[in-house]
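Here are a few exercises to work through with the model open in your viewer. Try each task before reading its solution.

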Amino acid sequence: PLSRSDFLLNTFITITLYDTDDASILDDCFSLCKDYENLFSKTLETSEIYKLNHREPEEQTFTVSADTAALIEKGLYYSRLSGGAFDITIEPLSSLWNFSGTSPSVPPAEAIEEARKKVDYKKLRLDGTRSTLTFLDPGTSIDLGAIAKGYIADQLKAYLLDSGVESAMINLGGNVLCVGSRPDGTPFTVGLQKPFADRNETFAQVEVSDLSVVASGVYERHFVEDGKNYHHILDPSTGYPYDNGLISVTILSERSVDGDALSTTCFSLGLSRGMELVESMDGVYACFIDEDYQIHYSDGMEKFLRKD
């Protein structure tokens, strides 16, 4: 296989091609990742999202790139579907909570309350046909971090298929998208990471072809303060991390952008409502782990589990 890794999109990404030795295809994939980062990053000052978030107070309506419009449209869909439990205008809160710094700590309660009031996906209006985005409030800002990697993985897959690659694995920091199956026709094996364990420790393995595997959990970006674990999946209604008895949600889906959005959405909704949502959708499968380390599989998920 032809494989390459790099630190991009704020994570380690690896792309592996199994049926070609054309390294220029990998060059193009990594260059595409950089292009998308320059659209969707909330911290890169040259990015489209950064510029939208740092607009002048009187500026309201913008024409955005087709990719940004498509991703915001998907984000608004899941914001509505979850009744705001997942919300792409979480940026005032997500920027307040710093999980990647050297000494992260819980922000002051007043600052959390102030930021929480600015979060409301209903303050965004998108005209998808014209790629026109309107902010209905000067305090509204966007964070696409919960769905961007899934969207990028789907775009990379489309590029690989256009380039004649029919067997590949795209791993964007735990967002895994399998293109086709292995060259011999057998499915790819993807490990499901054991929460709070070493990156290589898994609690199960799934065998998939042409599917995406995405997990969200309380062990990814987190810190402990006064004996309590604070993680990066924030509840828009409280301003604090969700505390709903779940520690991890893994989603299998055809499109990685849906898996990415659903892993966060289902985590946000909690076990029973999250499971209900997954089971109402075609071709989507889930695995929930609760705080007692009990594993709950949605209908059909177990058929993907590797049995050895």
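**Exercise 1.** Find which residue of S5 stands opposite Leu126, then work out how S4 and S5 pair.

*Solution.* Keep in mind that this is a predicted model.
- Start at Leu126: across from it in S5 sits Leu133.
- Now go to Leu124, which faces Phe135 of S5.
- Put together, strand S4 (residues 124-127) and S5 pair antiparallel, with 4 bridges.
- The link between S4 and S5 has 4 residues, making a hairpin. In its turn, Ser131 has a positive phi of about 55 degrees.

**Exercise 2.** Work out the strand order of the sheet that holds S5.

*Solution.*
- Look for another partner: Leu133 of S5 is also the bridge partner of Phe62.
- Strand S3 (residues 61-63) runs antiparallel to S5, and 3 bridges join them.
- That gives an open sheet of 3 strands in the order S3-S5-S4.
- S3 and S4 are the edge strands, each pairing on one side only.
- On average, neighbouring strands here are turned by 20 degrees against each other, ignoring direction.
- Finally, helix H3 (residues 66-81) packs on this sheet, where it touches S4 and S5. The helix direction makes about 125 degrees with that of S4.

**Exercise 3.** Are the side chains on the two faces of S5 buried or exposed?

*Solution.*
- Side chains in a regular strand alternate between the two faces of the sheet.
- For S5 (residues 132-135), sort them by side: Thr132 and Thr134 on one, Leu133 and Phe135 on the other.
- All four are buried, so both faces of S5 are covered.

Key. Residues are numbered from 1 along each chain as its sequence is written. This is a predicted model: local features need pLDDT of at least 70, side-chain atom pairs count only at pLDDT 80 or more; totals for chains, interfaces and linings use all residues. Side-chain values use heavy atoms; hydrogens and water are left out. Buried means under 20% relative accessible area, exposed over 50%, partly exposed in between (1.4 Å probe, protein chains only). Two strands pair if DSSP finds at least two bridges between them. Axes are lines fitted to C-alpha atoms, for helices over the stretch in contact, and angles run from 0 to 180 degrees between N-to-C directions. Contact means heavy atoms within 4.5 Å.
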